[in-house]
4 protein chains.
Amino acid sequence: MVMPDAGAPPEPVVRDVPEPGPGQAVVRIRASSLNYHDVVNLAGLIRGPWPRVPLSDGAGEVVAIGEGVRRLAVGDRVTAAFHPTWLQGPPTPAAKRSVLGDTCDGCLQQHLLVDAAALVRTPDHLTDAEAATIPCAGVTAWSAVRIAEPKPGDVVVAQGTGGVSLWALQIAKAHGCVVVLTSSSDDKLEVGRALGADHVVNRSRTPEWHDVVREVSGGKGADLVVDVGGPGSLGRSVLATRMGGTVAIVGGLGGYTTPAEIPVSVAMTQNIRLIGVTVGSVVDHTDLCRAVTAAGIRPHVSHTFGWDDLAAGVALMEAHGHVGKIAIEVP
Amino acid sequence: MVMPDAGAPPEPVVRDVPEPGPGQAVVRIRASSLNYHDVVNLAGLIRGPWPRVPLSDGAGEVVAIGEGVRRLAVGDRVTAAFHPTWLQGPPTPAAKRSVLGDTCDGCLQQHLLVDAAALVRTPDHLTDAEAATIPCAGVTAWSAVRIAEPKPGDVVVAQGTGGVSLWALQIAKAHGCVVVLTSSSDDKLEVGRALGADHVVNRSRTPEWHDVVREVSGGKGADLVVDVGGPGSLGRSVLATRMGGTVAIVGGLGGYTTPAEIPVSVAMTQNIRLIGVTVGSVVDHTDLCRAVTAAGIRPHVSHTFGWDDLAAGVALMEAHGHVGKIAIEVP
Amino acid sequence: MVMPDAGAPPEPVVRDVPEPGPGQAVVRIRASSLNYHDVVNLAGLIRGPWPRVPLSDGAGEVVAIGEGVRRLAVGDRVTAAFHPTWLQGPPTPAAKRSVLGDTCDGCLQQHLLVDAAALVRTPDHLTDAEAATIPCAGVTAWSAVRIAEPKPGDVVVAQGTGGVSLWALQIAKAHGCVVVLTSSSDDKLEVGRALGADHVVNRSRTPEWHDVVREVSGGKGADLVVDVGGPGSLGRSVLATRMGGTVAIVGGLGGYTTPAEIPVSVAMTQNIRLIGVTVGSVVDHTDLCRAVTAAGIRPHVSHTFGWDDLAAGVALMEAHGHVGKIAIEVP
Amino acid sequence: MVMPDAGAPPEPVVRDVPEPGPGQAVVRIRASSLNYHDVVNLAGLIRGPWPRVPLSDGAGEVVAIGEGVRRLAVGDRVTAAFHPTWLQGPPTPAAKRSVLGDTCDGCLQQHLLVDAAALVRTPDHLTDAEAATIPCAGVTAWSAVRIAEPKPGDVVVAQGTGGVSLWALQIAKAHGCVVVLTSSSDDKLEVGRALGADHVVNRSRTPEWHDVVREVSGGKGADLVVDVGGPGSLGRSVLATRMGGTVAIVGGLGGYTTPAEIPVSVAMTQNIRLIGVTVGSVVDHTDLCRAVTAAGIRPHVSHTFGWDDLAAGVALMEAHGHVGKIAIEVP
C-alpha cells in the first residue's frame with residue numbers, strides 16, 4: 001500500500017493527570033501498537049481537528065476510578081476499546097461515532113481518561129505490548145472470523161502476515177479451523193506456520209492461490225476468506241470460497257479509492273456472502289480476551305519502538321517490514 | 001441486457017404419457033413462464049446436451065402418483081420446484097445440481113414426470129399462469145427478501161419491473177416493509193405503484209437514485225436492496241444501503257461476464273452484507289406459497305403466449321417489453 | 001393472577017423541575033400505563049428502597065435537552081425506554097440493570113429526567129395514552145414475536161387479551177402472520193377479532209385449544225406461541241407448537257413462584273425452542289415504533305384513569321377487568 | 001433410568017446380500033453401538049411392527065453401489081446417518097420420518113442397504129467401533145453444542161458420562177470451550193478429565209452443582225448446558241445458565257413420561273433459551289466427521305460386545321455400568 005507521508009509526529013506536551021468523573025476511569029498506558037488506521041490518521045487524512053493524542057490501541061493499568069464504577073478496581077490491567085461507546089450489538093453510526101486517537105484523544109499518552117465501560121481486563125499471560133494489539137487488529141480479526149460462525153474443521157484463509165491476518169489465523173485455530181495462510185514472503189510464512197497455519201501459499205510463486213484453497217478443501221472452497229487486500233484480492237477471494245461461504249471485507253491494502261471488481265455471476269451462483277467488518281464492540285473485545293485466555297493465544301509482535309521513535313515504526317509499517325504487529329512502548 | 005440469439009425453439013415431439021415410479025408424480029402442465037435463465041438456456045449457453053424439454057417453470061395438476069406418495073393426491077393443483085432435489089436448508093452443489101428445463105426435462109410439455117417431493121400446492125386464488133411465475137422468479141425474490149430477515153417498516157429497494165423485482169416488491173409489502181421501486185419507465189413505475197410500491201424513482205431522470213433511498217429512510221439508507229443489475233448497479237446499491245444492511249445479488253442484467261465494481265471502503269466501513277441468491281429450496285417455495293395465500297398476492301403477468309409462440313415471448317423479453325412476468329400457455 | 005395488595009400509592013410530592021446534564025433530556029410526561037410489573041412493584045415485592053416514583057411507561061414531549069444531545073429537540077414527542085441503559089444487542093445484566101419506576105424514578109411524575117439516548121420518537125398517529133403502552137407491553141410483544149423471525153403466513157398464538165397479548169396480535173399481523181387468539185371471554189375475543197385475529201378460541205369452552213391450533217395450521221402446529229401464563233399454560237403451549245417452532249416465555253400469570261411443567265419428550269422430539277423474553281432494548285423500541293408507523297397500528301386501551309386514581313386502575317387490573325391496556329393520565 | 005425389559009433379542013436370520021438400486025449402496029457393517037433409543041426400541045415401546053433389524057448405529061465399508069452414485073466408491077469406509085432421509089436443514093417431520101433400526105432395518109446385520117446420500121466417510125484415525133458411536137450419540141451432541149454457536153472460552157456443562165455427554169465434552173473442547181462435567185462417580189469423572197474436562201463435579205457430593213458452574217464462569221452462569229436428565233435436572237440446568245444462554249434438551253434419563261419442572265420466572269427474566277435436540281441431518285453428521293478429523297477426537301468406548309451378546313450390552317447400559325459408549329461387533 002502506498003501510504004501518505006505521515007510527516008513528523010505531534011510534539012509531546014505535558015498535561016495534568018486527569019480526574020475521573022462518574023463512570024470514568026484513568027488508565028496508566030504502558031504500551032500501544034500501530035495500525036494502518038493510525039498511519040492514515042497521522043497523515044491527517046481522516047478527521048480533524050488536530051492536535052489530538054494519536055493511536056487507538058492502549059494497554060496499561062487502572063490508576064483511578066470515578067463514582068459508580070464497580071466493574072473495575074485500581075490496579076486492574078486493562079485494554080481500552082477502539083470504539084468506547086459501542087458496548088454491544090451490531091454496528092450502528094451512533095455506536096461507532098467515537099474512536100480513540102481519531103475523534104478523541106488516544107493512547108500515545110501516559111494517562112488515558114475513558115469511560116470505565118470501555119475497559120476490558122487484560123488476559124493474565126499477556127504483556128502490555130501484546131495486549132495492546134487487541135483493540136484494533138485483534139477485535140477486527142475476531143469479528144471477521146465470528147461472522148462465519150466457524151466450526152472445527154472449517155477451512156479459513158488469512159491473507160498476508162499483517163496484524164489482522166495473524167490474529168485471524170490464531171483465532172481461527174482456537175475455533176478448531178484449518179487455516180490457509182498466503183504471503184509473498186517465505187520467511188513470513190514460516191512465522192505463520194509456527195503460529196499454527198496448516199497450509200501456507202507463497203502468492204508470488206502461486207498467484208492462483210485460490211486453486212490451492214480448493215484443493216485443500218476437497219474441491220469445495222474455503223468456508224471463510226478474511227480479505228485484507230480489497231481491490232487487489234477481493235475477486236480472487238470470491239473464487240476461493242465455497243458455495244454459501246463468507247468473505248470478510250476487512251481491509252483495502254490494494255487501495256481505498258479504487259473499487260474492487262467482483263465476478264457477479266460467481267458471487268450469485270455460488271451464493272457467496274461478502275460482509276464488511278470494522279473492529280467490534282466492547283462485548284466482542286471481551287469475548288476475544290476470554291478466548292485468548294482459554295486458548296493461550298500470544299499475538300505476534302515483530303518489532304517494538306519507543307514512543308519517541310514513532311516515526312520509525314510508521315516507516316517500517318509503510319515498508320511492510322513487520323510481521324504481525326508493531327508495538328509502541330509508553331514510558 | 002444483450003441476450004444471445006435463442007434461435008428457433010426445439011420442434012415439438014409426441015411422447016407417451018409417463019408412468020410415475022415410487023415417490024414420483026406426473027403433472028399435467030397448464031402454464032409455464034419465461035425467465036432469463038430459460039432464454040440463456042434456449043440459446044445453448046448453459047448446459048448440454050440438447051434436446052431436452054425447456055423451461056423451468058410449470059403449473060398444472062397431478063394426474064398420477066407413484067407408490068408411497070402421500071403428500072399429494074390426483075387432482076391437486078401444483079407447481080414444481082426449480083431445483084427438484086433441493087428440499088430444504090442452505091444451497092449446496094448437491095442440492096442445486098438438478099434444474100428443470102436445464103439438467104433435465106422441463107415444463108414446455110404436457111406431462112411432467114417429477115419427484116412428488118418437488119411439488120407444492122398452488123394457492124387457491126391463483127390461475128395456473130400466475131402460479132407458473134412462482135418457481136423461478138417468485139422463489140428467487142422470496143429468498144432475496146428473507147436473507148435480510150425483514151421487519152415491518154424496513155426500507156427495501158426493488159430495481160426495475162422484471163419478474164423478480166415485482167415479486168420482491170409484493171413479498172416485501174407482505175412483510176410490512178416500505179418499498180422503493182426504480183425503473184427507467186414511468187409507465188412501468190405506475191404498475192409498481194399499483195402493486196404497492198411506496199416510493200418510485202425514474203432512474204433515467206434520477207440516476208442518483210440512491211440519494212432518494214437515503215432521503216426516504218431518514219438519511220440511514222435501505223435495509224435491503226435487491227440488486228438485479230450486477231455490473232450496472234451493484235456499486236450504487238452499496239451506496240444506497242444502511243450500515244449493516246444487505247444487498248441481495250440476484251441478477252446480472254448489466255452483463256454476466258463483466259465484473260461489478262464495488263466501493264470497498266464503503267462496503268467495509270458501513271458493514272454492508274452482499275449476498276448471492278439463486279432461487280431456493282422446496283421449503284422456500286412452500287413458505288412462499290403460504291405467504292401468497294395469507295397476503296392474497298397476485299403476481300403481475302403482463303403478457304401471455306401460446307407454447308407454439310415461444311419465440312415471440314423470448315423476443316419480447318429480450319426487448320424488455322414486458323412488466324413482471326411473461327406466461328406461456330400449455331394447451 | 002392473585003396479586004399482592006398494592007396498598008396505598010405513594011403520596012404526591014412537589015419537586016423542582018430538573019435540569020438536564022450532558023446527554024440528558026427532560027420529558028414532560030402526559031401519560032403512563034399500567035403493567036403487572038408496576039403492580040408487583042407498587043406492592044413492594046421487587047426492589048427497594050422506596051420512596052421512588054413508580055410506573056415504567058411514559059409518553060410526553062421533550063422540554064429541555066442537555067449539552068451534546070443532537071438526536072432530539074425540544075418539542076419532540078417521545079416515549080422513554082423501559083431499560084434506559086439497554087441501547088441495543090442481546091440482554092445482559094449490565095444492560096438490564098436500570099428500570100424506570102423500579103431501580104430509579106419512573107413516569108408517574110410531570111417531569112422525567114433521563115438519558116436522551118433512551119428516548120424514542122412517538123409515532124405521529126398515536127395519542128400519548130396509546131404511546132404510553134409501547135415501552136413495556138409493546139416492546140415485550142415485539143421481542144417475543146421477533147425471536148421467531150416470523151414470515152407472512154406463519155401461525156402465531158396470542159394467549160388472552162392483556163396488553164402484551166393484544167400487542168403481539170397486532171405485531172404478528174403487521175408481519176403478515178395468521179393469528180390465533182385465546183381467551184376465556186367471548187366479549188374480549190370480539191375485541192381481538194376487530195384488531196385482526198384470524199381465529200379465536202374460548203379456552204373455557206375449549207380447554208384443548210392446542211387442538212384448534214393444530215387444525216388451523218394444517219396439522220403442523222403453531223410457528224410461535226407467545227406464552228403469558230407460565231405454570232398455567234406452558235405445557236400446553238409446547239403441545240401447540242410445530243416441530244422446530246418457538247414458545248416465547250413472556251409471563252407467569254399462573255404464578256411466578258410455581259414452576260411450570262413441560263413435557264420433555266415432546267419438547268425434545270419436536271425440537272421446540274422455549275425462549276425467555278423480557279422487554280427489549282432502545283433499538284427494539286425504535287424498531288417497534290417504525291413498524292407501528294408503517295403498519296398504522298393503534299394499540300387497544302380499554303380504560304383510562306387519572307393519576308390520582310391509580311389505585312382504581314390497579315384494582316381493575318387485578319380483577320382482569322381490562323382489555324389490552326390501562327392508561328394513566330398525567331395532568 | 002428404569003428401562004423396560006428388552007427381552008430376548010430377535011433371532012438371527014440368513015438373508016441374501018442385497019443388490020443396490022439406483023442411488024443406493026450396500027455397506028458391510030463391522031460395528032454398531034448401543035443407545036437408549038435402541039434399548040427402548042428393543043423393548044417394543046416405540047414403533048412396530050417387528051421383526052426388523054435393530055440398532056441405528058453402523059460403521060463398515062461400501063461393498064456395492066447402484067447406478068448414479070458418484071460420491072462414494074466400493075471400499076470406502078463409512079457410517080450411516082441415523083435419519084437417512086434428513087439430508088440437511090432444520091428438523092421436519094418429513095426429514096425425520098425414517099430411522100435406521102426403528103422405521104426400517106438397522107445395523108445389526110452384515111449388509112445394510114441404504115441410500116448412498118445417507119453415508120458419510122469415516123475419519124481415517126477411527127476404528128469401526130469408534131466410528132459406530134457417531135451416528136446417534138455423536139451427532140446428537142454435535143447438534144446440541146452447535147445450537148449455542150459456541151465461542152472459544154464459552155463455558156459448557158455436560159451432565160454425566162454417557163455417550164452423548166462425553167461426545168459433547170469432546171466437541172465443546174474442539175470449539176475451544178471450557179467444559180464442566182458432572183457425574184455421581186469419581187471414577188467416571190476421571191475418564192472425563194482425561195478427555196479434556198476442565199472442571200469436574202461429583203453431583204452426589206455437590207447436588208448444588210449449578211453453584212460450581214456459576215463460580216467457574218465468574219458468577220455469570222454457563223453459556224450452554226447439555227441437559228440429558230430431563231425431569232431430574234432441567235430446572236437446575238436453567239439455574240446454571242447465564243442470561244441469554246442455552247439449555248439443550250437432549251434426553252430424559254429422569255423419565256420420559258414425567259414432565260420436567262422449570263422455574264418460569266428465572267427462564268423469563270434470565271432470557272434462557274431451552275431447545276429440544278434430536279440427532280441431526282446428514283450434513284450435521286458430515287460436519288462432525290470433519291471436526292473429528294481436524295481435532296483428532298477419539299470417542300470413548302468403555303465396553304465392546306459381540307453381536308450374539310447384545311443382551312449383555314443392554315443389561316450393562318440399563319445398569320449404567322458403561323462410560324461413554326458400548327460398541328457391538330458385527331462379525
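**Figure 1. Chains C and D meet without a salt bridge.** Between chain C and chain D the count is zero salt bridges. The model is predicted. Polar contacts do occur here: 13 residue pairs, with both residues at pLDDT 80 or more. Five elements of chain C each give two or more residues to the side that touches chain D. They are α2 (93-96), β10 (241-249), β11 (260-262), α9 (264-269) and β12 (273-276). The most comes from α9(C), with five residues. By residue class, the side of chain C that touches chain D splits into 18 nonpolar, eight polar and three charged.

**Figure 2. Extent of the interface between chains C and D.** Here 29 residues of chain C contact 29 residues of chain D. Together the two chains bury about 2500 Å², and carbon and sulfur atoms account for 67% of that area. Met243(C), Val264(C) and Met268(C) stand out. These residues supply 23% of the area that chain C buries against chain D, more than any other three residues.

**Figure 3. Strand β12 pairs across the interface of chains C and D.** The view centres on β12(C) and its counterpart, strand β12 (residues 273-276) of chain D. The two strands run antiparallel and pair over three bridges. Leu274(C) has Leu274(D) as its bridge partner in β12(D).

**Figure 4. Symmetry of chains C and D.** A turn of 180 degrees, with a shift of 0.0 Å along the axis, lays chain C on chain D. The RMSD is 0.0 Å. The two copies are thus related as by a two-fold rotation axis. Both copies use the same surface: 100% of the contact residues of chain C recur in chain D.

**Figure 5. Extent of the interface between chains C and B.** In this view, 19 residues of chain C are in contact with 19 residues of chain B. The buried area is about 1400 Å² between the two chains, 51% of it on carbon and sulfur atoms. Three residues supply 40% of the area that chain C buries against chain B: Lys151(C), Pro152(C) and Arg290(C). No other three residues supply more.

**Figure 6. Charged and polar pairs between chains C and B.** Four salt bridges are counted between chain C and chain B. In a salt bridge shown here, the side chain of Asp154(C) meets that of Arg290(B), at 2.4 Å from N to O. Side chains of opposite charge can pair when their charged atoms come close. Across this interface, eight residue pairs are in polar contact, both residues at pLDDT 80 or more. Helices α4 (134-146) and α10 (282-295) of chain C each supply at least two residues of the side that touches chain B. The largest share, four residues, comes from α10(C). The side of chain C that touches chain B holds eight nonpolar, three polar and eight charged residues.

**Figure 7. Symmetry of chains C and B.** Chain C superposes on chain B by a rotation of 180 degrees, with 0.0 Å of shift along the axis. The RMSD of this superposition is 0.0 Å. Which residue of chain C comes closest to the rotation axis? His175(C) does, with its C-alpha at 2.5 Å. In chain B, 100% of the interface residues of chain C are also interface residues, so the copies meet through the same surface.

**Figure 8. A salt bridge within helix α6 of chain B.** Glu190(B) and Arg193(B) join their side chains in a salt bridge, at 3.7 Å from N to O. Both residues lie in helix α6 (residues 186-194) of chain B. Glu190(B) and Arg193(B) are three residues apart, about one turn of the helix. Over all chains, the count comes to 54 salt bridges.

Technical notes:
Residues are numbered from 1 along each chain as its sequence is written. Chains are lettered from A and ligands numbered from 1 in the order in which they are written. This is a predicted model: local features need pLDDT of at least 70, side-chain atom pairs count only at pLDDT 80 or more; totals for chains, interfaces and linings use all residues. Side-chain values use heavy atoms; hydrogens and water are left out. Contact means heavy atoms within 4.5 Å. Buried area is the accessible area (1.4 Å probe) that two parts lose on being put together, summed over both. A polar contact is a pair of N or O atoms within 3.5 Å; within protein, one must be able to donate a hydrogen and the other to accept it, and residues adjacent in sequence count only if both atoms are side-chain atoms. Ala, Val, Leu, Ile, Met, Phe, Trp, Tyr, Cys and Pro count as nonpolar, Asp, Glu, Lys and Arg as charged, and the others, Gly among them, as polar. Copies are superposed by least squares on the C-alpha atoms of residues with pLDDT of at least 70 in both. Two strands pair if DSSP finds at least two bridges between them.
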